[in-house]
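Here are some worked exercises to try with the structure open beside you. Have a go at each task before reading its solution.

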Amino acid sequence: MTLTRGLRALGRPVLASLAAIGRVTLFATLIIGHILRPPFYAREFGVQLLHIGWFSLPVVGLTALFTGGALALQIYSGGARFNAEAVVPSIVAIGMVRELGPVLGGLMVAARVASSIAAELGTMKVTEQIDALTTLSTNPIKYLAVPRVLAATLAVPVLVGVGDAIGIMGGWLVGITRLDFNSATYLKNTIDFLEGWDVGSGLVKGAAFGFIVALMGCYHGMTSGRGAQGVGKATKSAVVAASVLILASNYILTEVFFTS
Amino acid sequence: MIELSGVTKAFGPKKVLAGVDLTIPSGKSMVIIGGSGTGKSVLLKCILGLIVHDAGFITLDGQDVRRAERDAFLARFGMLFQGGALFDSLRVWENVAFRLMRGASRHPKAQAREMAIEKLRRVGLTPDVADLYPAELSGGMQKRVGLARAIAAEPEIIFFDEPTTGLDPIMAGVINDLIREIVVEMGATAMTITHDMSSVRAIADRVAMLHDGRIQWTGPIEELDTCSDPYVQQFIHGRAHGPISAIR
């Protein structure tokens, strides 16, 4: 009896989680299918590119700048234990472009963009704007979700690339002002030790994280519950789901890219 | 002609529509009355396919709406939503011209704008409203813009969901008159759901009362006051006591 109850208690959330994964997968499949089929809403795509890409630049840039600086200090102080202070430029560069640039950039975009998309689409749902779109012969997924997902998938890698450069600059700035590195040597070490795939893998991660962020924002927004509470819950769920999925997929991608 | 036969819809254990049978003749204005939460909006959304009904048939000119080609089917409809449902991110004229600028019969932007301004004029709004955003308008103006959007593509069938809710009596009267004029002028089939009796009297050719998920009574507007149905009488006179329970 107790065993049955225990299994039931365990089974219910497992089944609910599997159903949720199924719904999100179907939603993602629908979006991908619509990306390839006309009509294409170029204006909406442009607007989203601006909102998701351009307007996220300050927050991603500042995050990268301070992270690069802090990373330089940490590596210097840690490296001093092994007389390895000279590795600061290369480790900062590799750390930024492979991990911290994409992950922190992705998380900052998740906080800023997933919440905004979920709140906007959730409000559209509760005020019947999504129903209105349907009655005006416009597919809401195609008109609302596709431009956002496509824009985020293309914009986040660019943001990550810019963030990588700013993060390395943050490390360089701290290196030459606080850690007595020679500017030219610092930059030379950075360039010499950095490989193309270090940067490329980070950009691929950025594209995956951008897709996840917009997908979670659109899914939770378009399935939002009623009223202010429903929209609030959708917004929170979008940010939490996007953040967790970014961290989980980062681990999986790192396994795929750097272990064989 | 829209025909509903044995239409049911439940949300979990709550049965909202329990077998609705109703005919809406072409070119007539049908008003559905009924208390709050009796499933009027659900019924309307089932016809449009925004909500999928569980059982029964809904046909438009003899064709099952679930088998109809979606774009062609929806192109025949216009709808005024309860809260207007205007797109916040678009200007007023872009809202009105939304359908005109998309789809097979797409118009050039300048022409669509002209047509939108003409429709705004038709609902009593001046052209200077065209470049405002919906949030800059009063509730009554938003309803008018919603009405202009509903009629912009000159649909054959127009649905009005609580068209006067939240408006003062004068503005409600203006909207009712506009709806009546437009429906007569366009020769459209109209279906309005409301619990505002002044709207019913201004808009309806025929009235149907929805209660407990079924059509309790239906007949021409002229027979509404004289019909013997106790549910209808309680509803139209707003009595607290009668067969309809006040606590639902």
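The exercises below use a predicted model, and each task is followed by its solution in steps.

**Exercise 1. The overall build of chain B**

Task: Find how many helices and strands chain B has, and work out how its radius of gyration stands against the globule rule.

Solution:
- Step 1. Start with the secondary structure: chain B has eight helices and ten strands.
- Step 2. Now take the radius of gyration, which is 18 Å for chain B. The globule rule gives 18 Å for 248 residues, so chain B is as compact as a globular protein of that length.
- Step 3. Add the dimensions: the C-alpha trace of chain B spans about 55 × 40 × 35 Å along its principal axes.
- Step 4. Look inside the chain. Of the 248 residues in chain B, 44% are buried. Among contacts in chain B with a separation of 6 or more, 63% are between residues 24 or more positions apart.

**Exercise 2. The six-stranded sheet**

Task: Trace the strand order of the open sheet in chain B, then explain why strand 6 and strand 10 each have one side without a neighbour in the sheet.

Solution:
- Step 1. Walk across the sheet in chain B: the order is 6-7-8-3-9-10, and the pairing is mixed.
- Step 2. Check the edges. Strand 6 (77-80) and strand 10 (214-220) of chain B each have a single partner strand, so one side of each is left without a neighbour in the sheet.
- Step 3. Gauge the twist: on average, neighbouring strands of this sheet are turned by 15° against each other, direction ignored.
- Step 4. Compare the pairings at the two edges. Strand 9 (residues 206-211) and strand 10 of chain B are antiparallel, with six bridges; here A208(B) has T218(B) as its bridge partner. Strand 6 and strand 7 of chain B run parallel and are joined by four bridges, with M79(B) opposite F159(B).
- Step 5. Place a helix on the sheet. Helix 5 (residues 139-151) of chain B touches strand 6 and strand 7 (157-161) of chain B, and its direction makes about 175° with that of strand 6.

**Exercise 3. Two ways out of one strand**

Task: Sort the residues of strand 6 of chain B by the way they point, and decide whether they are buried or exposed.

Solution:
- Step 1. Recall the rule: side chains in a regular strand alternate between the two faces of the sheet.
- Step 2. Apply it to strand 6 of chain B: F77(B) and M79(B) point one way, while G78(B) and L80(B) point the other way.
- Step 3. Consider burial: all of these residues are buried.

**Exercise 4. One helix, two partners**

Task: Describe how helix 3 of chain A packs with helix 6 of chain A and with helix 4 of chain A.

Solution:
- Step 1. Begin with helix 6 (residues 140-178) of chain A. Its axis and that of helix 3 (residues 57-79) of chain A come within 7 Å and cross at roughly 40°, in a right-handed crossing.
- Step 2. Name some residues of this contact: helix 3 brings G61(A) and L65(A), among others, and helix 6 brings residues including G163(A) and I166(A). By class, the contact has 15 nonpolar, nine polar and no charged residues.
- Step 3. Turn to helix 4 (residues 88-126) of chain A. Helix 3 of chain A packs with helix 4 at an angle of about 145°, with their axes 9 Å apart, and this crossing is right-handed.
- Step 4. Sort this contact as well: the classes are 15 nonpolar, seven polar and one charged. R112(A) is one of the helix 4 residues taking part.

Conventions. Residues are numbered from 1 along each chain as its sequence is written. Chains are lettered from A and ligands numbered from 1 in the order in which they are written. This is a predicted model: local features need pLDDT of at least 70, side-chain atom pairs count only at pLDDT 80 or more; totals for chains, interfaces and linings use all residues. Two strands pair if DSSP finds at least two bridges between them. Helices (H or I, at least four residues) and strands (E, at least two) are DSSP runs, numbered from the N terminus. Axes are lines fitted to C-alpha atoms, for helices over the stretch in contact, and angles run from 0 to 180 degrees between N-to-C directions. Two residues are in contact if their C-beta atoms, placed from the backbone, lie within 7 Å. The radius of gyration is taken over C-alpha atoms; the globule rule is 2.2 Å times the number of residues to the power 0.38. A residue is buried if 20 or more other C-beta atoms lie within 10 Å of its own, exposed if 12 or fewer, and partly exposed in between; C-beta atoms are placed from the backbone. A crossing is left-handed if the near helix is turned anticlockwise from the far one by less than a right angle, and right-handed if clockwise. Ala, Val, Leu, Ile, Met, Phe, Trp, Tyr, Cys and Pro count as nonpolar, Asp, Glu, Lys and Arg as charged, and the others, Gly among them, as polar.
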